[in-house]
Amino acid sequence: MPGVLLSSLPTIDFSKFGDGTSAEDIEIGQQFYAACRDVGFAYLINTGIPQDKVDDMFKWSAKLFALPHEIKMKAPHPPEGHKHRGYSGIGVEQVSQMVFDPKELGAIRHGKAPDFKESFDMGIELADGSERISNIWIPEEDIPGFRQYAKEYFAVCRHFQVTKLLPALAIGMGLDKDFFLPYHATGDNQLRLLHYPEAPVDVFESGEKGRIGAHTDFGTGTLLFQDDCGGLEVESPHTPGMFISAPPIRGAAVFNIGDFLMRWSNDTLKSTLHRVRAPPTKEGQAVTRERFSIPYFMTADRDKTIDCLPGCFGPDRPKKYEPINSGQYTEMRLNATYVNKCLN
């Protein structure tokens with residue numbers, strides 16, 4: 001089943017993926033594994049996530065970010081970077097690529113313009129309230145219906161993750177189709193709404209403001225939904241330092257491998273640098289268009305300690321990394337991202 005080339009990135013069609021036992025399931029898994037090994041990025045189509053569900057989530061996102069600042073600040077992101085919940089205003093975050101020393105982080109923060117974006121983060125909510133980190137919501141009366149819809153969208157993404165995405169990857173790697181599921185049992189993932197406001201073109205050219213610089217994600221993987229604006233760029237797997245556009249494709253989500261899974265696979269799977277460039281200008285104006293995107297970040301359960309995946313090491317291929325705890329790794333990476341943590 002050859003994939004359809006929508007851009008320079010491979011495309012994986014999940015329309016015929018079933019319970020993970022058929023010949024078609026195995027072929028899809030092998031295609032998915034090859035994309036994760038060789039590129040680290042892929043378009044995923046026919047995932048079972050309804051397009052109208054995606055469209056409505058973008059409408060809710062636009063409604064949220066259009067609220068007055070004082071209303072959005074009723075759900076402020078905590079000062080700790082690893083408590084990734086609630087609203088973060090423009091300039092609060094800045095990506096840092098594998099830098100964890102507080103002094104080095106401080107130098108980065110003061111030497112570069114913070115990312116010109118705002119965001120809202122949420123995670124799973126359990127009926128008994130036992131989730132690891134509680135969500136921080138804008139009051140219902142300020143945006144009625146948003147909380148329920150965001151929870152439903154999270155659940156739809158989670159369903160695809162555990163029924164198709166993780167089983168397909170396991171099959172492609174020659175593992176039992178359910179191999180990854182015990183490591184992702186709690187659903188302690190993160191749904192993020194992102195808004196990049198419009199701004200004069202010259203503030204980006206001068207460096208006064210920045211979009212998201214080149215970075216890798218740090219969990220198991222990310223499922224990204226884009227609006228029609230564009231701006232995502234991925235480093236070429238063949239030419240380091242050269243970035244190729246990953247334009248939005250209606251009906252497709254973009255998937256990428258995270259650093260944690262790259263480490264877990266002994267660098268078999270590729271966590272690829274990507275960035276967000278200033279979007280196109282409005283017609284006839286020297287002002288960029290605003291951009292919305294919705295990433296769903298997948299991470300292993302915080303209490304799990306992982307060692308090298310079976311099949312990724314051997315006598316002629318030693319393990320590169322020591323075992324590591326998922327929670328400690330994730331908190332280290334999140335704290336390095338959040339500006340307030342570094343500046344306080």
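In this predicted model, Ser-326 touches Phe-260, Ala-300, Asp-301, Arg-302 and Lys-304, leaving aside residues up to four places away in sequence. Ser-326 itself belongs to helix α8, which covers residues 326–335. Is this serine buried or exposed? With a relative accessible area of 1%, Ser-326 is buried, because anything under 20% counts as such. One of its contacts, Asp-301, also offers a polar partner: the backbone oxygen of Asp-301 lies 3.5 Å from a polar atom of the Ser-326 side chain.

From here it is helpful to turn to the sheet. Eight strands form an open sheet with mixed pairing, and their order is β1-β2-β9-β6-β11-β5-β4-β3. The edges are taken by β1 (11–13) and β3 (86–88); each has a single partner strand, so one side of each is left without a neighbour in the sheet. On average, neighbouring strands of the sheet are turned by 25° against each other, direction ignored.

Two helices can be placed against this sheet. Helix α1 (residues 23–38) packs on it and touches β1, β2 and β9, with a direction that makes about 160° with that of β1. Helix α2 (residues 51–65) packs on the sheet as well, touching β3, β4 (118–122), β5, β6 and β11; the direction of α2 makes about 115° with that of β11.

Strand β11, spanning residues 291–298, deserves a closer look. Seven of its eight residues are buried, so β11 is largely enclosed by the rest of the structure. In the strand order, β11 stands between β6 and β5. How many bridges join each of these strands to β11? For β5 (residues 190–196) there are five, and the two strands run antiparallel. For β6 (residues 221–226) there are six, again with an antiparallel run. Tyr-296 of β11 appears in both pairings: it is the bridge partner of Leu-191, and it is also the bridge partner of Leu-223. As a general point for reading such pairings, side chains in a regular strand alternate between the two faces of the sheet.

Elsewhere in the sheet, β2 and β9 offer another pairing to follow. Five bridges join β2 (residues 41–45) to β9 (residues 252–257), and these strands run antiparallel. Within this pair, Leu-44 has Ala-253 of β9 as its bridge partner. Both β2 and β9 are also among the strands touched by helix α1.

Notes. Residues are numbered from 1 along each chain as its sequence is written. This is a predicted model: local features need pLDDT of at least 70, side-chain atom pairs count only at pLDDT 80 or more; totals for chains, interfaces and linings use all residues. Side-chain values use heavy atoms; hydrogens and water are left out. Buried means under 20% relative accessible area, exposed over 50%, partly exposed in between (1.4 Å probe, protein chains only). Helices (H or I, at least four residues) and strands (E, at least two) are DSSP runs, numbered from the N terminus. Two strands pair if DSSP finds at least two bridges between them. Axes are lines fitted to C-alpha atoms, for helices over the stretch in contact, and angles run from 0 to 180 degrees between N-to-C directions. Contact means heavy atoms within 4.5 Å. A polar contact is a pair of N or O atoms within 3.5 Å; within protein, one must be able to donate a hydrogen and the other to accept it, and residues adjacent in sequence count only if both atoms are side-chain atoms.
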